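Student: Please take me through one part of this model slowly, namely the surroundings of the ligand. I'd like one connected account rather than a list.

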Amino acid sequence: MKRLFVVAMALAASATSLPAAALDAAAADALVRKSKCLTCHAVDKKKDGPAFKETAGKYKGKPEAMEKLTKHVTVPSKVKVEGKEEDHETLKTEDPAAVKNVVEWILSL
Ligand code: HEC
């Protein structure tokens with residue numbers, strides 16, 4: 001009985017310490033690289049698109065931030081790069097948790 005209790009407690013502890021809600025910056029970084037976002041963006045300097053840090057500042061404290069940015073990185077759109085219309089890339093994943101992780105990462109910068 002005692003052993004079972006210990007196993008149950010260990011499981012409960014590992015379940016609560018799962019990084020489900022925690023930000024995984026390495027995974028976010030890997031996904032934006034894979035999705036070619038970094039051809040137009042960088043974390044802290046402006047390229048063709050705004051620096052992710054600038055976007056974080058722009059949306060800080062705004063309740064619509066998650067929704068707006070999630071849409072922006074998952075729904076294809078057009079952006080102007082040096083006066084020309086280009087397709088805005090979307091994240092190369094089907095996993096909503098991975099998308100959320102990237103958006104939260106951008107907002108945390
Ligand atoms: C072709 C170049 C290009 C690529 C590739 C690109 N972006 Fe962008 N992105 C832009 C430009 C330009 C803007 C500014 C658009 C505007 O303000 O209307 C922008 C804006 C953004 C914004 C800010 C949106 C806002 O509402 O302020 C975010 C976040 C963003 N991009 C994320 C990404 C992610 C994530 C990827 C990869 C999936 C990506 N971008 C790929 C050019 C690009």
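**A close look around the ligand**

Tutor: Let's start wide: of the 109 residues of the protein, 25% count as buried (under 20% relative accessible area; exposed is over 50%, partly exposed in between, with a 1.4 Å probe and protein chains only). Keep in mind that this is a predicted model, in which local features need pLDDT of at least 70 and side-chain atom pairs count only at pLDDT 80 or more, while totals for chains, interfaces and linings use all residues. Residues are numbered from 1 along each chain as its sequence is written, and side-chain values use heavy atoms, with hydrogens and water left out.

The protein has 5 helices and 2 strands (DSSP runs numbered from the N terminus, H or I of at least four residues for helices and E of at least two for strands). Walk along the sequence and you meet them as α-α-α-α-β-β-α.

Now for the metal. H41 and H88 both coordinate the iron atom of the ligand through NE2, at 1.9 Å (a donor is an N, O or S atom within 2.8 Å of the metal, or 3.2 Å for Na, K and Ca; with no water among the atoms, sites may look incomplete). H41 sits in the loop between α2 (25–34) and α3 (52–59), while H88 belongs to strand β2 (residues 84–88), so the two histidines tie together parts that are 47 residues apart in sequence. Count up the donor atoms around the iron atom and you get 6, and because they subtend angles of 85 to 180°, the arrangement is octahedral (for six donors, opposite ones over 155 degrees apart and all others between 65 and 115). Both iron-binding histidines are tucked away: H41 is buried at a relative accessible area of 12%, and H88 also counts as buried, at 15%.

Step back from the iron atom and 24 residues surround the ligand (a heavy atom within 4 Å is what counts). C37, C40, H41, Y59 and H88 are the closest of them. Some polar side-chain atoms face the ligand here (N or O pairs within 3.5 Å). Y59 puts one 2.5 Å from an oxygen atom of the ligand. H41 has a polar side-chain atom 2.7 Å from a ligand nitrogen atom, and for H72 the distance to a nitrogen atom of the ligand is 3.3 Å. As for which elements build the shell, those giving two or more residues are α3, α4 (65–74), β1 (77–81) and β2. The top contributor is α3, with 4 residues.

Since α3 gives the most to that shell, it's worth following that helix a bit further. T55 lies in α3 and is buried, with a relative accessible area of 13%. Its C-alpha is 7.4 Å from that of I106, although T55 and I106 are 51 residues apart in sequence. G57 is in α3 too, but this glycine counts as partly exposed at 45% relative accessibility. Between the C-alpha atoms of G57 and S108 there are 9.2 Å, and 51 residues along the chain.

One last stop is the loop that carries H41, between α2 and α3. S35 lies in that loop and is buried, with a relative accessible area of 0%. The S35 side chain reaches the backbone oxygen of L31, at 2.7 Å.

Note on methods: Tetrahedral: all angles 85-135°; square planar, octahedral: opposite > 155°, others 65-115°. Polar contact = N/O pair within 3.5 Å; in protein donor to acceptor, adjacent residues only side chain to side chain.
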